[in-house]
Amino acid sequence: MTDNTKDYAKYIRASTDTQEKSHQKHDLDGWIEENTDIDTTETAEYVDLDVSGSTRDREDYLNLLDCIRDRELDHVVVWEISRIGRRGSIIQEFFDACEDNEVTVHITNGKVDKIKPDGTNRFVADVVGMVYTEERRQIIRRTKSGLRRARREGKWLGQTPTGFSRSDEGYLHPNLSPDYEAGETSYLDVVRALEAIEDGASYREAAREIPNCTRQTLMNIYKDDERRRWYLEEEAEDERVDAALDEIDRADD
């Protein structure tokens, strides 16, 4: 049984999923009930939701660090080391602060159960931090590789341009049969609106005649030389858009 005169805090980092947060909280409360005489409802609780562990810019993480450095705590309980962070520099910062200010970190679900201020298990914690950092790098590499492969295959990534649609396979197509009730805009509607602007209509006047397209959107398209050509000349420097525009010619044949 630990000394119940000491001050404890719980730290939780979870997605917005309520079940995930509750699972961590249940584990931390269970550990405190089993190892101390402290009422878990009176234990300080720091919670960051929907914030990546790759950044230290987390409100309650920074508040917890301040409390540690102000020597207001003696123990911090976390579910696993990855909850503290997923970058080695963040994990080292946290454990350095705990070591410098005599704070013991208790881990309820990990390869080590505690990291003490005298350095006990610190080496393992630092190794775990390096593993998380490398895992994150591998994920980033795989993501970038997937994006590059998708571009090479001619797939469209990001927001679909006005008047276009994207197939389930990821390829761009001019939207010639829009579902207006679903908020779609026809490629041909955009063409007619831009032609009206060319003939002297205002952006607002042209926007009134086109479903699901704002004045600002028309202005952005018209003032962008490259994008304007997509609609008025059916040409594009981007090969993915140019391939989609070829469908206009095929439809006319």
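Two rings of Phe, Tyr or Trp count as a pair here if their centres lie within 6.5 Å. Keep that cut-off in mind for the opening stops of this tour, and remember as you go that the model is predicted.

**Stop 1: the aromatic cluster**

Select Y11, Y61, F94 and F95, and show their side chains: ring pairs link these four residues into a cluster. Across the whole structure, a search finds 10 aromatic pairs. For one of them, zoom in on F94 and F95. Their ring centres are 5.6 Å apart and their planes meet at 80°, so this pair is edge-to-face. Switch on a surface and you can check that F94 and F95 are both buried.

**Stop 2: charges over rings**

Stay with Y61 and add R58 to the selection. R58 lies over the face of Y61, at 4.5 Å from the ring centre. For another arrangement of this kind, jump to Y222 and R228, where the charged end of R228 sits over the ring of Y222, 5.1 Å from its centre.

**Stop 3: around helix α9**

While you have R228 on screen, colour helix α9, residues 225-232. Its N-terminal end is capped by D224, and a side-chain oxygen of D224 lies 3.1 Å from the backbone nitrogen of E226. Now follow the chain out of the helix: just after α9 comes E234, with a positive phi of about 55°.

**Stop 4: E80 and Q24**

Next, select E80, in the loop between β3 (75-78) and α3 (81-84). Is E80 buried or exposed? It is buried, because its relative accessible area is 17% and the cut-off for buried is under 20%. Show S82 as well, and draw the polar contact of 2.4 Å that joins the side chains of E80 and S82.

Then add Q24, which you will find in helix α1, residues 18-35. Q24 also counts as buried, with a relative accessibility of 0%. Measure between the C-alpha atoms of Q24 and E80: although 56 residues separate them in sequence, they are 9.2 Å apart in space.

**Stop 5: a nonpolar patch**

Finish on the surface. Select F123, V124, V127, M130 and V131, which form a nonpolar patch with about 450 Å² of accessible area together. One of these residues, V124, lies in helix α5, residues 122-152. An α-helix has 3.6 residues a turn, so residues three or four places apart point the same way. Looking at V124 by itself, you will find it partly exposed, with a relative accessible area of 31%.

Technical notes: Residues numbered from 1 in each chain as written. Predicted model: local features only at pLDDT ≥ 70, side-chain atom pairs only at ≥ 80, totals over all residues. Heavy atoms only, no water. Patch = residues over 30% accessible without salt bridge, like charges linked within 9 Å, V, L, I, M, F, W, Y side chains within 5 Å. Areas by Shrake-Rupley, 256 points an atom, 1.4 Å probe, with all protein chains shown as cover. Salt bridge = Lys/Arg side-chain N within 4 Å of Asp/Glu carboxyl O. Helix = DSSP H or I, 4+ residues; strand = E, 2+ residues; numbered from the N terminus. Buried < 20%, exposed > 50% of the residue type's maximum accessible area, 1.4 Å probe, protein only. Polar contact = N/O pair within 3.5 Å; in protein donor to acceptor, adjacent residues only side chain to side chain. Phe/Tyr/Trp six-rings, centres within 6.5 Å; stacked < 30°, edge-to-face > 60°. Lys NZ or Arg CZ within 6 Å of the ring centre and 35° of its normal.
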